[in-house]
Structures are given as C-alpha cells and as structure tokens.
Amino acid sequence: MRFKVVITDYIYGEPDEETKILGEIGARLELHQCKTENDVFEVSKDADGILSTYAPMPRRVIEGLEKCRAIARYGIGFDTIDVDAATEKGIAVMNVPTYCVDEVADHTLALILAASRKVLLFDRSIRNGSWNWRNGMPIQRLRTQTLGLVAVGRIGRALVERIRPIGMRIIAFDPYIPDDRMREMGVEPVSLDKLLEESDIISVHTPLTKETRHMLGHEQFKKMKSGAILVNTSRGPVLSVPDLVRALEEKHIGLAALDVLEKEPPTEDDPILKLDNVILTPHTAFYSEGSVKESKITASRDVAKVLTGKRPVNCVNPKVLEKLKLK
C-alpha cells in the first residue's frame, strides 16, 4: 500500500465510499473510534491522511504527526482541528461546506414552525388529556413577524429562500457580507443590537470561532423581546447555555429551539432538560441519507487528491497548497 489513511472516529456505518475511493490510489484505510486527543495521536501519528468527525485534533496532536499531508473533516465546521498548527506543519485541512445546506435549512424551518405554532405544547397537552386550542395562546401570525438571522452564509441564504414565500420581514447581522449583497437576497442588514431588539424569531447560523464563542449571553438575551423564539442549528457554544437557561426561566425569552448544545449529549441533570419552553433535537439537522453519502465522498476524494499531488476542492488553509506543490 502506498498510503495509510486513518478515520479517527465515525458515525456513518461502514466506510464503503471511503474504502473504494482511497483504495483506488493504493491507500490502506484504518477505522477507529477515538474519544480523546491521546487516542487520535496514537492511531494517526504515522498516517499520510486523516478523516475525522468529532475527534479533537489540537496543536499537540498535529505537531506530532510524522508524515501527514491531508486532514479532512466530515462536515462544514472545522473547530475541532487546529488549522494554524496544520498550516505551520504543511498539512492541508479540508471540510465539506455544501453537503447539508438543504438539510439544515429545512430543519431550521421545521423548528421555527414547530416553535411558533406550538406544536409540541399541543401534543403534550393532548396526551395529558386536554383537547383545547387555548392551551397555545397566544400564537401570532407568521406573516406579521420579523425573522432575525445571525449570519447569512450558505445555510442562512437557503433559509431565506424558504422563508420568503411566507412573507416575514427578514433582517440579518453578518459583518462579513456586504449590505448590498444582503439587500439583493431580500434581507435588511442591521446591527446585532437592532436584530435582538426587533426580531420575533432569531435563527443562529454562524460558525464557531474565537469571535463567536458565547456571542449570545446574558446581555444579549436581555435585549430580546420577552416572547421571542431563539433557534440554533449552528454550534452549541455560540450561546452561553447557563445564561440561556436563566433567560428562559425568567421569561426574557419565550422559547428556544436547539439542535446543538455546548455539551453533547447533555447530562441527566442538565437544567435545560427541565424547561418546558425548550425544543431539543439531537444534533441531527445535518442528516439525510443523501447528505451523509455526499460528505463521505467529498472528504475522501479531497484526501485522495492531496496524497496524489492534486489540489483539493475544499481547503480551509489554501496557503499550504503551494508549499505542498499541488497541481
């Protein structure tokens, strides 16, 4: 075999697509279920390429890699990988930025509709013996509501396409998207404070970075409308969960619909599980059979490209490509 490629951790069943694609370049594939950075280091220190899901790859691990040239993550975010350390080491880091855009936008819309129409509340009431539409009062007409988007990248834009026919006013905060571009989407650019103050529903779509970690906390929650709905399908640590629990308990916020949490899965005594005004799904917004297959194929093809001297399709540290002399 020409190459050793390690899958550090895996949630998708058998790696049939990866085995086929990497086998075509003469790579031997090893499948592991690493939980800690020590686990990752032990299995990947002599790897030529790495595929990763959630396993941590901090600087200490990356600096110890002996001959690795490519690390690809099965997903959009890459906060589990120290990209700066990889760049210094001459390792290309890839992600899969488009594989679940439709799925996350669809899931976000489902949470918005379930929360605003109080679907779970009615379901619970009926199961407890109360067939009464008044249990959900008040419910506001969606067309009269304002939706605030925190970031309008691919997923945010896909959500805009789904929301526009409903007729909601859409505002957004994104310092990386020009105001003119937002207006072309039918979105009104605003400051974060204005978004918090004016939105009836806030949907978070920002990646997790040093800048965005806990970007929404106590001070931000206090600025929101008392009946506002907060939806998060991005990354759990973008929100300060203790502050969110406090805001929900004190009714600064009406309801939170969350696909992601800071600690996943939550412990049995996590206070967020005790709140009635919370809808939770288990980090599943990314999932469909099609999105999983696309992620596996795209990630493994990019690793194969780098190992055979070709430029990958998706690289988050493109400066390293010249150093690797990829064509």
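This report walks through the overall build of one protein chain, a group of aromatic rings, and a few backbone details. The model is predicted.

**The chain as a whole**

Let us begin with the general picture. The secondary structure of the protein chain comes to 13 helices and 12 strands. Its radius of gyration is 22 Å, close to the 20 Å that the globule rule gives for 327 residues, so the chain is as compact as a globular protein of that length. If you are setting up a box around the C-alpha atoms, they fill roughly 65 × 45 × 35 Å along the principal axes.

Burial and contacts add to this picture. Of the 327 residues, 52% count as buried. Among contacts between residues at least 6 apart in sequence, 61% join residues at least 24 apart. The accessible surface of the chain is about 16000 Å², and 51% of that area belongs to carbon and sulfur atoms. As for charge, the chain carries 47 positive and 48 negative charges, and the mean positions of the two sets are 3 Å apart.

**A cluster of tyrosines**

Now to the rings. The structure holds 4 aromatic pairs. In one of them, Tyr10 and Tyr12 have ring centres 5.6 Å apart and planes at 85°, so the pair is edge-to-face, because planes over 60 degrees apart count as such. Tyr10 has a relative accessibility of 6% and counts as buried, and Tyr12, at 13%, is buried too.

Tyr12 also pairs with Tyr74, again edge-to-face, with 5.7 Å centre to centre and 80° between the planes. Which parts of the chain does this pair tie together? Tyr12 lies in the loop between β1 (3-7) and α1 (16-23), while Tyr74 lies in the loop between β4 (70-73) and α4 (83-89), so the pair connects parts that are 62 residues apart in sequence. Both Tyr12 and Tyr74 are buried. Taken together, ring pairs link Tyr10, Tyr12 and Tyr74 into a cluster.

**Backbone details worth a look**

Two cis peptide bonds are listed here with their omega angles.

| Residues joined | Omega | Place of the proline |
|---|---|---|
| Met137 and Pro138 | about -5° | Pro138: loop between α6 (119-127) and β6 (146-150) |
| Glu264 and Pro265 | about -10° | Pro265: loop between β11 (255-258) and β12 (278-280) |

Positive phi values in residues other than glycine are the next item. Ala151 has a phi near 90° and sits in the loop between β6 and α7 (154-163). Is Ala151 buried or exposed? With 8% relative accessibility, Ala151 counts as buried. Lys251 has a phi near 65°, also a positive value in a residue other than glycine. Lys251 belongs to the loop between α11 (241-249) and β11, and with a relative accessible area of 54% Lys251 is exposed.

**One helix residue and a distance**

Last comes Glu184, which is placed in helix α8 (residues 179-185). Its relative accessibility is 62%, so Glu184 counts as exposed. How far apart in space are Glu184 and Leu258? From C-alpha to C-alpha the distance is 29 Å, and the two residues are 74 apart in sequence.

Conventions:
Residues numbered from 1 in each chain as written. Predicted model: local features only at pLDDT ≥ 70, side-chain atom pairs only at ≥ 80, totals over all residues. Heavy atoms only, no water. Phe/Tyr/Trp six-rings, centres within 6.5 Å; stacked < 30°, edge-to-face > 60°. Buried < 20%, exposed > 50% of the residue type's maximum accessible area, 1.4 Å probe, protein only. Helix = DSSP H or I, 4+ residues; strand = E, 2+ residues; numbered from the N terminus. Rg over C-alpha atoms; globule rule 2.2 N^0.38 Å. Contact = heavy atoms within 4.5 Å. Areas by Shrake-Rupley, 256 points an atom, 1.4 Å probe, with all protein chains shown as cover. Lys, Arg positive; Asp, Glu negative; His and termini not counted. Charge placed at Lys NZ, Arg CZ, Asp CG, Glu CD.
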